Every structure is written in structure tokens, then in C-alpha cells.
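Here are a few short exercises to work through with the model open beside you. Try each task before reading its solution.

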Amino acid sequence: SKSHPISPCQPGLTPIQLDHRRPAQPCLYTGGLSARQLGDLDDLANSMVVDAYLDIDSHKMSDRFRSSRHLRRYWRKVIERFCCDTDYDAAYHSLVFGDPISGQKCCLDEAAQRDPNLRLHLFRYLHLFDPRSGVQIQRCDRYRHEQGMGARIVSTRDWQAGESVSMLIGCAAELTPDEELHYLRPGVNDFSVIYSSRRQRSQLWLGPAAYINHDCEPNVELALQPATGSGAALHFYRTIRPIKRGQEVLLYYGPDFFGPGNCQCECETCELRGSGAFARPAAAASKPAPPSASPPLAPTCSPAAVLPVPPASLPQSAAPVASHQQCLNGSAATAAEAPRRRSSYSLRDT
């Protein structure tokens with residue numbers, strides 16, 4: 001895994017002195033946007049923060065979205081400065097309006113510059129570089145289909161089981177039947193969809209939390225805080241076992257997400273166990289391997305029975321929803337959410 005080093009902070013700046021520059025609490029998403037609105041918002045904020053900092057081109061919801069590559073170096077400098085001073089307002093204004101001192105201008109239109117939702121969503125992505133969040137995003141080159149241009153969420157502190165990772169924000173917007181038919185395109189932009197067994201609806205799941213990768217031995221689970229009063233229900237991640245500083249934050253997507261029995265899974269646990277995509281074929285396993293030969297890597301299930309990664313275009317009705325009518329990590333009573341078909345290991349891949 002590769003990550004950019006964080007620049008050393010300016011001398012004399014302490015967390016106490018910087019508190020007035022920070023939001024009073026995590027910028028949780030409380031609803032109000034349609035799936036299309038959330039998709040457009042996330043495309044822009046993700047491009048300005050994650051793509052610029054990691055120098056990657058992540059999947060976008062809109063096929064018409066074009067990242068401003070000539071601003072990427074400038075945006076990365078803004079994020080590096082934020083790592084030092086944790087000044088959310090200064091980072092937001094620099095990202096959206098540019099820098100009048102250096103003469104750097106940004107290409108956002110007036111509507112985007114005035115959009116309060118963009119400000120909050122940028123804050124959510126900036127949480128990934130706030131020392132208080134306990135997590136940070138890094139590049140990840142583990143998965144073959146990502147061609148060395150993926151991302152992962154890594155812990156920057158020690159976590160105990162049962163803690164809420166409150167500054168790793170996910171945003172869920174319900175998909176209408178029309179959006180499922182015409183907005184989602186199988187294998188193109190359906191990489192981050194969950195199914196709510198509580199509401200019996202599909203939801204778009206975006207934001208920084210969509211970068212959590214899968215593992216068959218996860219250390220977090222998706223949980224739900226029910227709605228109270230006029231507020232919306234809040235999704236959050238909760239640790240289910242201790243996480244050491246420097247370890248990746250990992251989620252379980254489901255028992256058959258990567259083919260029957262996850263036989264195409266490329267997670268680290270499957271590699272250590274010799275299962276999933278790292279299992280030896282049954283015929284080869286019954287014969288002793290030649291002393292000089294390395295054991296082949298192949299799925300243990302029939303390739304014809306497995307969705308390719310990324311999957312080929314399929315009709316919406318072919319999405320394997322029925323086998324996932326339980327919560328991530330198997331706790332439907334807790335979160336009442338279940339994963340739907342996605343095209344990659346991370347909820348947002350590259």
C-alpha cells in the first residue's frame with residue numbers, strides 16, 4: 001500500500017489553539033438529498049479531496065463528470081496544509097474559491113460555490129485527515145482489478161471493541177424505481193448500493209465510508225441509529241474487535257458476495273487461509289505438487305457460476321439481492337441493512 005506523507009505541522013500550533021477552526025461535531029449526513037443529487041455532490045467532493053490527495057481516478061456516479069486534473073496538484077497542497085492546521089473553513093474556501101494570494105482560481109460554477117451541501121460534504125471528506133477521526137485514507141494496490149490504483153481506510157489510533165467510528169461518514173439516499181432502472185448502470189456506477197430490509201428499498205451509499213474494503217474477518221460492522229423526532233436515521237460503523245494503529249478498517253460484505261461461498265474473494269484472510277481466490281482446485285489438491293512447482297491460484301467454484309469482477313452488464317433483475325437479506329456482518333436486527341450487488345471490494349473502488 002502506498003500513501004503520501006503528511007507534511008509536518010507549523011511550530012506553535014496545538015490542538016487546543018485550533019479548536020475554533022473545527023466543527024463542533026462530526027458532519028453526519030441526515031438525509032434530504034435525492035440519489036442523483038447525492039451522486040453529483042459526491043463525485044465533486046471526492047474528486048477534490050481523495051483523487052487529488054492520492055492521485056487516483058475513482059469511479060464516479062455520473063459518466064459526464066470530468067475531473068479538473070490541472071487543479072489536482074493545487075488541491076493536494078490544500079489537503080496537506082489542512083493536515084497541519086486542521087482549519088476546515090480555510091480548506092473549504094481554498095478548495096472551492098481558490099487562492100487570491102497566489103492567483104490560483106477554481107473552475108466551480110457559482111451554484112456549486114453557494115451550495116451548503118458541498119461545504120458539509122467536503123468537511124466529511126476532510127474528516128479523513130483530521131487527527132481526531134482515528135482513521136485516514138491511503139492508496140491500496142492489493143486487488144488485481146484495481147490495477148494498483150485503489151484506496152483503503154487505515155486506523156491512526158488503537159480502537160477497542162464496541163467503539164463508534166463517528167467521523168467516518170457514510171451517506172445513504174433512497175433510490176426510486178426510476179433511478180434504479182435509468183440512473184444505475186450495471187457494472188458502471190452500481191458499485192455502492194445497499195438494500196434496506198427495514199425499508200424494503202435500495203439505497204445509494206456514498207461518502208468517505210464507502211472506501212472501506214471487505215474482509216472475511218472484519219473489524220467493523222455497519223450499524224443504524226434509528227430516527228428520533230424529525231431527524232433521519234443515522235448509519236455508522238462500530239468496531240467489533242480491537243484495531244491497532246496502522247491496521248486497515250475492514251467490513252464483511254456478505255457470505256456470497258464474491259461468488260458462491262465468496263470463492264473469488266481476494267481478502268487477506270482468504271490469502272492466509274488458502275481459501276477464496278487463493279484456494280487450490282480440487283483436482284490439483286488431490287495430487288502432490290512437484291517440488292519445484294508453486295501451487296496454482298484458482299477459485300474453487302465453477303467460473304460459470306461466478307459474477308466476474310467487475311461484473312458484466314446484467315439486467316437489474318439479475319442482481320443477487322435475495323441471498324443478502326441480512327445486515328452486514330449478519331446482524332439484521334442491529335442495522336437492518338444488507339449489501340446489494342457492487343462491482344468491487346470497496347464500496348467505492350477505482
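**Exercise 1. Confidence**

Task: Find the average pLDDT of the protein and the stretches where the pLDDT is below 50.

Solution: Start with the whole chain. This is a predicted model, and the protein averages a pLDDT of 76, with 71% of the residues scoring at least 70. Next, look along the sequence. Residues 1-18 have a pLDDT below 50, and this stretch has 31 contacts in the model beyond near neighbours in sequence. Residues 293-347 are also below 50, with 158 such contacts. Finally, decide how to read such regions: where pLDDT is low, the predicted coordinates should not be read in detail.

**Exercise 2. Two helices**

Task: Work out how helix H2 and helix H3 pack, and which residues meet.

Solution: First, locate the helices: H2 spans residues 35-54 and H3 spans residues 72-85. Their axes lie 8 Å apart, at an angle of about 90°. Angles of 65 to 115 degrees count as roughly perpendicular, so H2 is roughly perpendicular to H3. Now list the partners. From H2 come Ser47, Met48, Val49, Asp51, Ala52 and Tyr53, and they meet Arg72, Trp75, Arg76, Ile79 and Glu80 of H3. Sorted by character, the residues of this contact are six nonpolar, one polar and four charged.

**Exercise 3. A residue in the loop**

Task: Describe the surroundings of Ser67: is this residue buried or partly exposed?

Solution: Begin with the location, which is the loop between H2 and H3. The relative accessible area of Ser67 is 25%, so Ser67 is partly exposed. Then check its neighbours in space. Leaving out residues up to four places away in sequence, Ser67 touches Ser47 and Arg72. The C-alpha atoms of Ser67 and Ser47 are 6.4 Å apart, although the two residues are 20 residues apart along the chain. Ser47 and Arg72 also appear among the residues where H2 meets H3.

**Exercise 4. Aromatic rings**

Task: Classify the ring pair of Phe82 and Tyr88, and say whether these residues are buried or exposed.

Solution: The structure holds nine aromatic pairs. For Phe82 and Tyr88, the ring centres are 4.8 Å apart and the planes are at 80°. Planes over 60 degrees apart count as edge-to-face, so this pair is edge-to-face. Next, take accessibility: Phe82 has a relative accessible area of 1% and is buried; Tyr88, with a relative accessible area of 1%, is buried too. To finish, follow the ring pairs outward: they link Phe82, Tyr88, Tyr92, Phe97 and Phe123 into a cluster.

Technical notes:
Residues numbered from 1 in each chain as written. Predicted model: local features only at pLDDT ≥ 70, side-chain atom pairs only at ≥ 80, totals over all residues. Heavy atoms only, no water. pLDDT = per-residue confidence, 0-100. Contact = heavy atoms within 4.5 Å. Axes fitted to C-alpha atoms, helices over the stretch in contact; angles between N-to-C directions. Helix = DSSP H or I, 4+ residues; strand = E, 2+ residues; numbered from the N terminus. Parallel < 35°, antiparallel > 145°, perpendicular 65-115°, else oblique. Nonpolar A, V, L, I, M, F, W, Y, C, P; charged D, E, K, R; others polar. Phe/Tyr/Trp six-rings, centres within 6.5 Å; stacked < 30°, edge-to-face > 60°. Buried < 20%, exposed > 50% of the residue type's maximum accessible area, 1.4 Å probe, protein only.
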